[in-house]
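Please open the structure in your viewer and keep the sequence panel beside it, since the tour below moves from one selection to the next and says what is to be found at each stop.

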Amino acid sequence: MSGCRLGLFGFIAALTYLSSGSVLAQLDQTQPLLQRENWPPPTYPVAVLQGLDKVTARISTFEAAVDRPVDFGGLEVVVRACHKTPPTEAPEAIAFLEIAEIQSDRPRKPVYSGWMYASSPAVAALEHPVYDVWVKDCSEQFTQESSEASADAQEDPAEPTGTE
């Protein structure tokens, strides 16, 4: 019982200290964590993604334009938004992805919809038995290599689109 009283006393003491104004005054003097001029982060028309085929252990880098479906193995990947922090801040790219499993004999099955972070791909990872997909970067335009590979991949839909 005395441990409970001590915990309650500590909580009340901390609450009293915080409400005294000294901590709040210090917080008002610091710079805001999210500066208004940097929000929202700049948007980009192209997301640079990487995919892993777990069966072949092959990693492919491919690019996807916003709102345009791209096939990666048995998956259809659609990027809905791609944001990147300005060069003056810590590097971070974030993209909103919608990923669906596609098979010729079955209807399209959504397997992922959400934000992925380039710096922490495991935070919101695609959970699929055969494929992994993650965000690498956001770009202003397609690279020449990737656009050539996309044209080749459209001819052979069994192969993932992109470069390696």
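Begin by selecting Ala 95 and looking across to S6, where the bridge partner of Ala 95 is Met 116. The model in front of you is a predicted one, and this pair belongs to the antiparallel pairing of S5 and S6, which extends over nine bridges. If you follow the two strands to the place where the chain passes from one to the other, you will find a hairpin, with two residues between S5 and S6.

Keep S5 selected and colour its residues by accessibility. How many of its 11 residues are buried? Eight of them are, so that S5 can be described as mostly covered.

Now add S4 to the selection, which runs antiparallel to S5 and is joined to it by nine bridges. Leu 75 is a useful landmark, since Leu 75 stands opposite Glu 101 in S5 and, in the pairing with S3, Phe 72 stands opposite Leu 75 in S4. The pairing of S3 with S4 is again antiparallel and comprises three bridges.

With these strands displayed together, the whole sheet can be read off: it is open, has four strands in the order S3-S4-S5-S6, and is paired in the antiparallel sense. Which strands stand at its edges? They are S3 and S6, each of which has a single partner strand, so one side of each is left without a neighbour in the sheet. Viewed from one strand to the next, the twist of this sheet averages 30°.

Next, show the charged side chains, for which a search of the whole structure finds five salt bridges. Select Arg 108 and Glu 76, whose closest N and O atoms are 2.7 Å apart in a salt bridge; this pair links distant parts of the chain, with Arg 108 in strand S6 and Glu 76 in strand S4, 32 residues apart. The two partners are covered to unlike extents, for Glu 76 is buried with a relative accessible area of 17%, whereas Arg 108, at 47% relative accessibility, counts as partly exposed. The assignment rests on the cut-offs, because buried means under 20% relative accessible area and exposed means over 50%, with partly exposed in between.

Move from there to Glu 98 and Arg 80, which form a salt bridge with their closest N and O atoms 3.0 Å apart. Glu 98 lies in strand S5 and Arg 80 in strand S4, so the pair ties together parts that are 18 residues apart in sequence. Glu 98 is partly exposed, with a relative accessible area of 25%, and Arg 80, at 37%, is also counted as partly exposed.

A further pair to select is Lys 84 and Asp 137, whose side chains meet in a salt bridge at 3.2 Å from N to O. Because Lys 84 lies in strand S4 and Asp 137 in strand S7, this pair ties together parts that are 53 residues apart in sequence. Before leaving the charged groups, add Asp 67 to Arg 80 and Glu 98, since salt bridges that share partners join these three residues into one network.

The pair at Asp 137 leads to S7, and S7 leads to another sheet. Select S2, S1 and S7, which form an open sheet of three strands in that order, with antiparallel pairing. The edge strands are S2 and S7, each of which pairs on one side only, and the twist averages 25° from one strand to the next. Between S1 and S7, which run antiparallel, there are eight bridges, and Leu 52 can be found opposite Asp 132 in S7.

For the last selection, hide the charged side chains and display the largest nonpolar core, which has 22 residues, among which Leu 49, Leu 97 and Ile 99 touch the most other members. The elements that give two or more residues to this core include strands S1 (46-53), S5 (93-103) and S7 (131-139). Centre the view on Ile 99 and show its surroundings: leaving aside residues up to four places away in sequence, Ile 99 touches, among others, Leu 75, Glu 76, Tyr 112, Met 116 and Val 133.

Finally, zoom out to the protein chain, which has three helices and seven strands and in which buried residues make up 33% of the 164 residues.

Notes:
Residues are numbered from 1 along each chain as its sequence is written. This is a predicted model: local features need pLDDT of at least 70, side-chain atom pairs count only at pLDDT 80 or more; totals for chains, interfaces and linings use all residues. Side-chain values use heavy atoms; hydrogens and water are left out. A nonpolar core is a set of buried Ala, Val, Leu, Ile, Met, Phe, Trp, Tyr and Cys residues joined through side-chain atoms within 4.5 Å. Buried means under 20% relative accessible area, exposed over 50%, partly exposed in between (1.4 Å probe, protein chains only). Contact means heavy atoms within 4.5 Å. Two strands pair if DSSP finds at least two bridges between them. Axes are lines fitted to C-alpha atoms, for helices over the stretch in contact, and angles run from 0 to 180 degrees between N-to-C directions. A salt bridge is a side-chain nitrogen of Lys or Arg within 4 Å of a carboxyl oxygen of Asp or Glu.
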